Amino acid sequence: MLEKFQKHIDESFLFLKGRKLLLALSGGIDSMVLMHLCRESHLDIRAAHCNFQLRGNESDEDEDFVKSACEKLGILVFINRFETREFAEDRKLSIQVAARNLRYDWFKTLLINNDYDYILTAHHLDDSLETFLINFTRASGLDGLTGIPKQNGPIVRPLLAFSRKDIEIFANENNLKWREDSSNASDKYLRNKMRHEVIPILKELNPGLLSSFENTISNLQQAQTMVDDASRIVYRKVVTDINFQKRIDLPELMQLPNYKAYLYQWLEPFGFTDWNSINDLVSAQSGKQIHSQKHTVLKDRDELIIFEKKESEDAGSFFIEKGQSEVKFPLKLSICNVDDISVQPTNTIFVDEEKLQFPLEIRKWQEGDLFYPIGMDGSKKLSKYFKDEKFSLVDKSNTWLLCSENKIVWVIGKRQDERFKVTVRTTKIAQIQLHE
């Protein structure tokens, strides 16, 4: 296996050589084998062990075992103890998801703080088969049926070309020691049910199951690559990125017979899973919304608009005192006095400071608001201005006003009010600029 592993590194992971690698070391057979393979292949590794404190003394014994094993081999090891149950309860997560989040967040922190290059995990071919079957039972899309990726950003999995049997043979032939996780024997987890009950039957039906699975995964990954390529081409035609929003042109999209597949590709990364509701949204009335944990997709006329949810603290009023030169929240503004308005930076207004009554107020718009758009005679309701300028529902909800004694000075980033403009009688000019 060592020779095959070294050849695999040369063919698929040559970029690991000479890099600083962090190995996720649980103490189980998979990660212990990976540590020895890396060491024998002269890769520059150090280890990281997570003690999730979920199995009492057994968890502590795993920690002690990992420390001892690394000490004997002269390998630097990082240890972190997590209050996993408390973390899961606070965030309403399953124990498995909580542990995964804690694990990878810490690994990435170690990478950044120590200037390491990659994280190595010991996922192998059987793990990938289990993931495939789990996703298959959950009606996953194509991307969920491509197994575990060999690389995901800084996370690299060099054992995916090897089976659990390969790993066990290597461990026994080299008299390696490892720790058995007692939770792996429990069938209360779906993955363990697949491992203990389903996969043995499949292997009995097809002794060459893993080899067939490798070929299938390779074909599916190539198909996924074609889907990704097609998705990018169509994306450029029908999706516009504006002000941190993605706007999908529905008439353009719906000319395609398989438009639902493109919607899935674009929305799935934002955490949307209710595909029946997403499909209904296409023909829904304007204003209909669907939410994921962090994002909203909104039907607005002939568009679907995807945007990140705002924190509740974005609402309310914020004040600018006289002499204040900078605002950092809820948006970034700078205020200064100038003598000349011949140079006009973008997203900037010039006002007669003597017409301002401090403190100025930054707030969201309200029904009944009106202002005097600069360059026009008379007033206009803000709602009518939004309609004339074809503001979407999202645009309106994200619009802030700068007000003086409840008079609108600026629809920030959009239109200044005529009443506060600089005239020949102005003696003190204030420049107010919005910084994106």
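**Exercise 1. The pocket**

Where does the largest share of the lining of the second largest pocket come from?

*Solution.* A word on the model before we start. It's a predicted one, so local features need pLDDT of at least 70 and side-chain atom pairs count only at pLDDT 80 or more, while totals for chains, interfaces and linings use all residues. Residues are numbered from 1 along each chain as its sequence is written, and side-chain values use heavy atoms, with hydrogens and water left out.

Step 1: fix the object. The second largest pocket has a volume of about 1,100 Å³. (A pocket is an open set of points on a 1 Å grid over the protein atoms alone where a 1.4 Å probe fits, with protein on both sides within 12 Å along at least five of seven lines; lining residues have an atom within 4 Å of a point. Points are joined across faces, edges and corners, and the volume is the space filled by probe spheres set on them.)

Step 2: find its middle. The lining has 34 residues, and the closest to the pocket centre are Asn243, Phe244, Gln245, Asn398 and Glu436.

Step 3: look at the strands. S8 (245–249), S11 (303–308) and S22 (429–435) each bring at least two lining residues. (Strands, E of at least two residues, and helices, H or I of at least four, are DSSP runs numbered from the N terminus.) The largest share, three residues, belongs to S11.

**Exercise 2. Arg363 and its surroundings**

Work out whether Arg363 is buried or exposed, then list what it is in contact with.

*Solution.* Step 1: Arg363 sits in strand S16 (residues 360–364).

Step 2: its relative accessible area is 3%, so Arg363 is buried. (Buried is under 20%, exposed over 50%, partly exposed in between, with a 1.4 Å probe and protein chains only.)

Step 3: leave aside neighbours within four places in sequence, and Arg363 is in contact with Gly316, Ser317, Asp369, Thr399, Trp400, Leu401, Cys403 and Asn406. (Contact means heavy atoms within 4.5 Å.)

Step 4: pick out Asp369, whose side chain makes a polar contact of 3.0 Å with that of Arg363. (That's an N or O pair within 3.5 Å, where one must be able to donate a hydrogen and the other to accept it; residues adjacent in sequence count only if both are side-chain atoms.)

Step 5: now try Gln366, in the loop between S16 and S17 (370–371). At 45% relative accessibility, Gln366 is partly exposed. Its C-alpha atom is 8.5 Å from that of Leu382, 16 residues apart along the chain.

**Exercise 3. Asp249**

What does the side chain of Asp249 reach at 3.2 Å?

*Solution.* Step 1: Asp249 is in strand S8 and counts as partly exposed at 33% relative accessibility.

Step 2: not counting residues up to four places away in sequence, Asp249 touches Val238 and Asp302.

Step 3: the atom in question is the backbone nitrogen of Glu252.

Step 4: for a longer view, Gln222 is 27 residues from Asp249 along the chain, and their C-alpha atoms are 28 Å apart.

**Exercise 4. Two helices, two faces each**

Which residues are buried in H12, and which in H4?

*Solution.* Step 1: in H12 (residues 275–282), pick Ile278, Leu281 and Val282. They span an arc of only 105° around the axis, so they lie on the same side of H12. (The arc is that of the directions from the helix axis to the C-beta atoms.)

Step 2: flip over to the other side of H12, and you meet Asn276 and Asp280, both exposed.

Step 3: see what covers the buried residues of H12: H10 (250–253), H11 (259–267), S9 (289–291), S10 (295–300) and S11 are included.

Step 4: repeat for H4 (residues 84–91), where Thr84, Phe87 and Ala88 are buried. Their arc is only 95°, which puts them on the same side of H4. Glu89 and Asp90 are exposed on the other side, and H5 (95–114) is included in what covers the buried residues.

Step 5: step off the end of H4 to Lys92, which has a positive phi near 55°.

**Exercise 5. Backbone oddities**

Which peptide bonds to Pro330 and Pro359 are cis, and where is phi positive in Asn175 and Glu405?

*Solution.* Step 1: the Phe329 to Pro330 bond is cis with omega near 10°, and Pro330 is in the loop between S13 (326–327) and S14 (332–338).

Step 2: the Phe358 to Pro359 bond is cis with omega near 0°; Pro359 lies in the loop between S15 (348–352) and S16.

Step 3: phi of Asn175 is near 55°. Asn175 belongs to the loop between H7 (164–173) and H8 (190–205), and is exposed at 64%.

Step 4: phi of Glu405 is near 50°. Glu405 lies in the loop between S19 (400–404) and S20 (407–411) and is exposed at 60%.
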